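Got the viewer open? Here is a short tour, one selection at a time.

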Amino acid sequence: MADVTANGQAGQPQLVLQKIYVKDVSYEAPNAPQIFQEIGETDQQPQVQLNLGQKATDLGNDLYEVVLSLTLTCTVGERTAYLAEVQQAGVFGVAGFNEADHAGIIGSYCPNLLFPYARQVISALVMEGGFPPFLLQPINFDALYAEQARRLAGGGDETPVLNS
């Protein structure tokens with residue numbers, strides 16, 4: 001007799017999003033209000049740098065917390081205009097997948113699902129901080145995951161983790 005789950009499906013792979021939430025958020029404008037004058041008076045363009053990270057924690061019972069971390073730093077010349085950070089998290093139920101598919105879901109699909117929420121938080125922080133709106137461009141998490149997997153291919157059986 002086949003193993004039947006509570007919803008009547010026999011051993012089917014399952015991916016369930018249980019919760020999306022902001023785990024941590026931070027915003028700093030260390031050189032305000034002088035930086036607003038400098039931006040208007042200088043011909044230097046603000047430079048923006050994005051740092052991206054991802055971490056997954058096994059919560060047991062086929063549940064995983066995936067945390068996508070975004071840090072956006074804007075500088076004008078040598079001075080920091082603002083620093084916005086968010087850790088956007090989700091709890092995912094992942095069961096019945098083979099090891100490669102499971103790793104791909106945790107390393108690519110989940111961060112891809114969390115990114116629009118993190119992008120919105122970053123955009124709101126920047127705008128509410130008095131700076132022009134900043135919209136992060138889409139990120140190809142599949143390509144980032146594939147690159148990380150290629151790097152780890154010779155180094156053991158670790159699950160790839162996104163770090164850019």
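Which residues of H3 are buried? Keep in mind that this is a predicted model, then select residues 141-152, which make up helix H3. The buried ones are Phe141, Tyr145 and Gln148. They sit on the same side of H3, because they cover an arc of only 65° around the axis. Now turn to the face pointing away from that buried side: there you'll find Asp142 and Arg150, both exposed.

While you're on H3, check its length. At 1.5 Å a residue, its 12 residues should span 16 Å, and the end C-alpha atoms are indeed 16 Å apart. Next, click on asparagine 140, which caps the N-terminal end of H3. A side-chain oxygen of asparagine 140 lies 3.1 Å from the backbone nitrogen of aspartate 142.

What do the buried residues of H3 pack against? Show strand E2 (47-60), E3 and H2, and you have the answer.

**Into the core**

Select Leu68, Leu70, Ala81, Tyr82, Phe115, Ile122 and Val126: these have the most contacts inside the largest nonpolar core, a group of 28 residues. Strand E3 (63-76), strand E4 (79-95) and helix H2 (99-128) each supply at least two residues of that core. H2 gives the most, with 9 residues.

Zoom in on phenylalanine 115. Beyond its neighbours within four places in sequence, its contacts include Leu68 and Leu70, as well as Leu136, Pro138, Ile139 and Phe141. You've met Phe141 already, as one of the buried residues of H3.

**Along E4**

Colour E4 next. Of its 17 residues, 13 are buried, so E4 is largely enclosed by the rest of the structure. E4 runs antiparallel to strand E1 (residues 14-28), joined to it by 13 bridges. To see one of these pairings, pick isoleucine 20, whose bridge partner in E4 is glycine 90.

E3 is also antiparallel to E4, with 14 bridges joining them. Here, look for threonine 73 opposite leucine 83 in E4. Then follow the hairpin of E3 and E4 round its turn, where there are 2 residues between the strands. Glycine 77 takes a positive phi near 65° in this hairpin.

**Last stop: asparagine 98**

Go to the loop between E4 and H2 and select asparagine 98. Is asparagine 98 exposed or partly exposed? At 45% relative accessibility, it counts as partly exposed. A polar atom of the asparagine 98 side chain lies 2.7 Å from the backbone nitrogen of aspartate 101. Finally, add proline 13: it is 85 residues from asparagine 98 in sequence, yet their C-alpha atoms are 8.9 Å apart in space.

Notes: Residues are numbered from 1 along each chain as its sequence is written. This is a predicted model: local features need pLDDT of at least 70, side-chain atom pairs count only at pLDDT 80 or more; totals for chains, interfaces and linings use all residues. Side-chain values use heavy atoms; hydrogens and water are left out. A nonpolar core is a set of buried Ala, Val, Leu, Ile, Met, Phe, Trp, Tyr and Cys residues joined through side-chain atoms within 4.5 Å. Buried means under 20% relative accessible area, exposed over 50%, partly exposed in between (1.4 Å probe, protein chains only). Helices (H or I, at least four residues) and strands (E, at least two) are DSSP runs, numbered from the N terminus. Contact means heavy atoms within 4.5 Å. The expected span of a helix is 1.5 Å times one less than its number of residues. The arc is that of the directions from the helix axis to the C-beta atoms. A polar contact is a pair of N or O atoms within 3.5 Å; within protein, one must be able to donate a hydrogen and the other to accept it, and residues adjacent in sequence count only if both atoms are side-chain atoms. Two strands pair if DSSP finds at least two bridges between them.
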